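Reader: I work at the bench and would like to learn to read a structure. Please take me through one, feature by feature.

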Protein chains: 2
Amino acid sequence: MSDSAYNHLVQRCSEIALYTSTSALLGWDQETCLPRKGIAYRAEQCALLGGRAHRLFCAPEVGKWISECEEGETGGDCVRSVNVRDWRWSYDRATKLPEDLVEKSERVRAHAMPAWARAREENKFTDFKPHLDTIIDINRQKAECYGYQETPYDALMEDYERGASTAAVAELFEELKPQLRDIGSAAARRSESVPADMLSGHYPLSAQRDFNEKVARAFGFDFDAGRIDTAVHPFCSGLAPGDTRLTTRYDEEDFSSSLYGVLHETGHGLYEQGLPPEHHGTPAGGSVSLGIHESQSRLWENHVGRQPAFWEHWFPLAAESFKALHGREAGDLIAFTTRSQPSLIRVEADEATYDLHIVLRFEIERDLISGNLAVADLPEAWNAKFEDFFGIRVPNDTEGCLQDIHWSMGALGYFPTYTIGNLGAAQLFAKAHEQLPGIDGELAVGNYTRLLEWLRRNIHAPGGKLLPADLMRAATGEDLSPSYHLEHLRSRYL
Amino acid sequence: MSDSAYNHLVQRCSEIALYTSTSALLGWDQETCLPRKGIAYRAEQCALLGGRAHRLFCAPEVGKWISECEEGETGGDCVRSVNVRDWRWSYDRATKLPEDLVEKSERVRAHAMPAWARAREENKFTDFKPHLDTIIDINRQKAECYGYQETPYDALMEDYERGASTAAVAELFEELKPQLRDIGSAAARRSESVPADMLSGHYPLSAQRDFNEKVARAFGFDFDAGRIDTAVHPFCSGLAPGDTRLTTRYDEEDFSSSLYGVLHETGHGLYEQGLPPEHHGTPAGGSVSLGIHESQSRLWENHVGRQPAFWEHWFPLAAESFKALHGREAGDLIAFTTRSQPSLIRVEADEATYDLHIVLRFEIERDLISGNLAVADLPEAWNAKFEDFFGIRVPNDTEGCLQDIHWSMGALGYFPTYTIGNLGAAQLFAKAHEQLPGIDGELAVGNYTRLLEWLRRNIHAPGGKLLPADLMRAATGEDLSPSYHLEHLRSRYL
């Protein structure tokens, strides 16, 4: 009996995956190709496919099948147990939200995103404020529907990082904060001798594209199962089995901007390409959390891509690719790509200052949800905190509280996963390093095979079989800890 | 009563259009972007969306609504009458196909297209043969389901050109054949003084792209509602309102190959961009037939793009764009782009020999469907006929029976529409010329506004309101006739 229920669920989820993967293509195309006059119709296509996938999953028979599976559950088959557990979790969550709240949420988001884009462009927080008021209100209602242990923010974080709690994140961030401030200050002093325009020159787009592809290929990205395109906001989309797409943006004055964008997205892409295809469409076949995803992108971008060995290997090819690097040497590249300085914009922040941006956003959104901070007071609170954290006065809201897209999308509880990812990256890289004798010699000659194999085995191939905390424990032998990340930053920047 | 039935139908068709336009994007992406390893899953996505759209249209309530509309039909509202008439025609046709045949057809096509591309690349007809066997078989099954007057091929042609019959096309082609042979021979003799390598040189891809875009823009193509990409087989896809995409392919030794590809597809694109948006999703808002579609592409490619005035106007910009044209003059371009010679590849054939390629394909596919020709014997039959028509020995299947994408897409009955389009283009251009005094002067300075307006008014804006034959009669005052096309070829090539 439960066998047939399980098969029904697998089949239903395969159908849903066909819709969601098609939606993902619509989204990818919107960011990379869609002509301006096609945007309105695209919104209708997305709404139809999204609604169809949601209805297929929330149907009463799905609940019945899950219950039948739970009754017959023996715990014998790991994949099956994982899938049933996750379906239950997702089904209960999805069906706890009344349909009018889901619809309202979609509608608000559709209006809030363009309103945010305009408000940011025109530096008018007050134009975005009413939208953010509604978004905070809807998120509070969602949290009440989901239920939570201590605080509504707990319920929201669950969408992005299963098992994370507000209290644990707050404690972690309190521990990190003073140390990150010290590291940031020291890193900035150390970088004073490295001018921002040190490598300035002309880096033709096509040469950047070729160079980036060569590095991504060397890391192990399979171009028969993926590609790199151009988009305003870089992202990675694991569209479907055999189809993982990265995007980056180009600055013809600074090749490192597109390169590190590609290295970061390649980390995401390698994870997507390493997921177990035989479980595609079911929870066991998917990525486990945003924090784990980010640990992969950060590992390749920062731990591999900014270590001295990276440039010692790749400098000759870079010098061949870019005339502007004539007369430079590997050491210049190493210094330039580990330059650190407090700055206003999170997505452009270096790794020594990045996490403080995240701590700031966490404290603010937690207080917005709890009601300790009113939306009207957001700019003032942001600016005060920013000056406290970074010693920089925020000149306007465009470069302050309006800079990120997340809140306009209704995503509250997302930001902490960036720092969770940074911690994971450092811990995983340290453990891989420990378990792979001779790996330094391999990285020094641009051989990334064993490192990728280690990640495939420990992180990618398990897919969604373990919860994030359990996966980290299984891979590294201990709980996620900030010590590896702090140690990494200290050794690189102090 | 019938008002509410009509509204139900409009709403249902809007939903179906969201699915079919999404399917069209999946198809466009497959030809332009999709990595090799994503092909298998893409086939599943296409099958699901195709099946869903088919089911939504074939549902019993749709038949009920159509009947209700027919009962209340007063003939007062033209758009409404057209829609009801066309829904009836499509519904009767669609409900004749069993669902599993539709899905099988989608899946076979998704596998056959990449298999064809590989077989063509590797000159291995035997690798494509099993796919073509299945495709012929499915098409015969479809024809039996649809029913037909005289021969199964009649039923297949109806998908592309309403009202066309095998007998009428055969008669037309028999009439054309000897005259086309005479024109072709004379044109080839006349072109002997124009060497094939007359303009040989290096034409950088990016310069070609810029030049092509400038001409397409001058013709009236709206790049805020469309784009041009690269694909192995050039096509135009009217994906959605505000989103019409053209593709071309580049030869760095011969810029005219991508240019005339773009001019051709721009003609299709202008038609798509000129359809009445207020009727999108219903028959009245769509293009009327492939023959009419092709009349638009041929008109811009051949009647506008190959007339002497075209190069008299565009030569200076071409000379500026391409160093290889230094020392040339407009007359060289005119001679080169109206050069005629029997050749192997249809899509590269000049207009004086093009229709003979179509006659050949018509005779072959008609015989494949009737069973007079076995798939295994296709290469031999192709080569024999080719030598008879053109006096050229076909050196391999890549340049022979594997050259076209159509059969891999499952499209049989499509080819005749190319020649129907050529006849239409000549007749429409002659009539526009007659009705627009002073138009020659405008074309000579690259002003295409009034010509486009005439086509908008007479062909594009009517959408699907008239059947193809009626539309031609309304636009030109007479039935479609081969005389304008033959007259055009004679005056240009003899």
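Author: The turns below go from the chain contact to helices, cores, domains and single residues.

Author: This is a predicted model, so local features need pLDDT of at least 70 and side-chain atom pairs count only at pLDDT 80 or more, while totals for chains, interfaces and linings use all residues. Residues are numbered from 1 along each chain as its sequence is written, and chains are lettered from A and ligands numbered from 1 in the order in which they are written.

Reader: How many residues does each chain bring to the contact?

Author: The size of an interface is often given as the accessible area lost when the parts come together. Here we count residues instead. Two residues are in contact if their C-beta atoms, placed from the backbone, lie within 7 Å. Chain B brings 27 residues and chain A brings 27 residues.

Reader: Which elements of chain B give two or more residues to the side that touches chain A?

Author: Elements are DSSP runs numbered from the N terminus: helices are H or I with at least four residues, strands are E with at least two. On the side of chain B that touches chain A, they are helix H1 (2–32), helix H2 (39–58) and strand E1 (226–230) of chain B. H1(B) gives the most, with seven residues. By class, this side of chain B has 13 nonpolar, six polar and eight charged residues. Ala, Val, Leu, Ile, Met, Phe, Trp, Tyr, Cys and Pro count as nonpolar; Asp, Glu, Lys and Arg count as charged; the others, Gly among them, count as polar.

Reader: Next, helices. What span should helix H9 of chain B have?

Author: The expected span is 1.5 Å times one less than the number of residues. H9(B), residues 205–219, has 15 residues and should span 21 Å. Its end C-alpha atoms are 21 Å apart, which agrees. Helix H16 of chain A (residues 416–435) also agrees: 20 residues should span 28 Å, and its end C-alpha atoms are 29 Å apart.

Reader: Which residues of H9(B) are buried?

Author: A residue is buried if 20 or more other C-beta atoms lie within 10 Å of its own, exposed if 12 or fewer, and partly exposed in between, with C-beta atoms placed from the backbone. In H9(B), the buried residues are Gln208(B), Phe211(B), Asn212(B), Val215(B), Ala216(B) and Phe219(B). They cover an arc of only 135° around the axis, so they sit on the same side of H9(B). That arc is taken from the directions from the helix axis to the C-beta atoms. An α-helix has 3.6 residues a turn, so residues three or four places apart point the same way.

Reader: What does each face of H9(B) do?

Author: The buried residues of H9(B) pack against E1, strand E3 (243–248), helix H10 (255–274), helix H11 (290–304) and helix H12 (308–321) of chain B. The face turned away from the buried side carries exposed Ser206(B), Asp210(B) and Arg217(B). Gly220(B) follows H9(B), with a positive phi near 125°. As for H16(A), 15 of its 20 residues are buried, and H16(A) is mostly covered.

Reader: Where does the largest nonpolar core lie?

Author: A nonpolar core is a set of buried Ala, Val, Leu, Ile, Met, Phe, Trp, Tyr and Cys residues joined through C-beta atoms within 7 Å. The largest has 72 residues; Leu9(B), Ile66(B), Cys69(B), Phe128(B), Leu156(B) and Val359(B) touch the most other members. Helix H14 (residues 351–370) of chain B gives the largest share, ten residues. Domain 1 (2–150) and domain 2 (166–493) of chain B both give residues to this core, so it lies between them. Domain bounds come from an automatic or database domain assignment.

Reader: How is chain A divided?

Author: Into domain 1 (1–96) and domain 2 (102–494). Their C-alpha centres lie 27 Å apart. In chain A, 19 residues of domain 1 are in contact with 19 residues of domain 2. On the domain 1 side, H1(A) gives the most, with ten residues.

Reader: Finally, which sign does phi have at Asn123(A)?

Author: Most residues other than glycine have a negative phi, and most peptide bonds are trans. Asn123(A) has a positive phi of about 55°. Asn123(A) sits in the loop between helix H5 (99–122) and helix H6 (125–146) of chain A. Asn123(A) is partly exposed, with 14 other C-beta atoms within 10 Å. In chain B, phi of Asn123(B) is positive too, near 50°.
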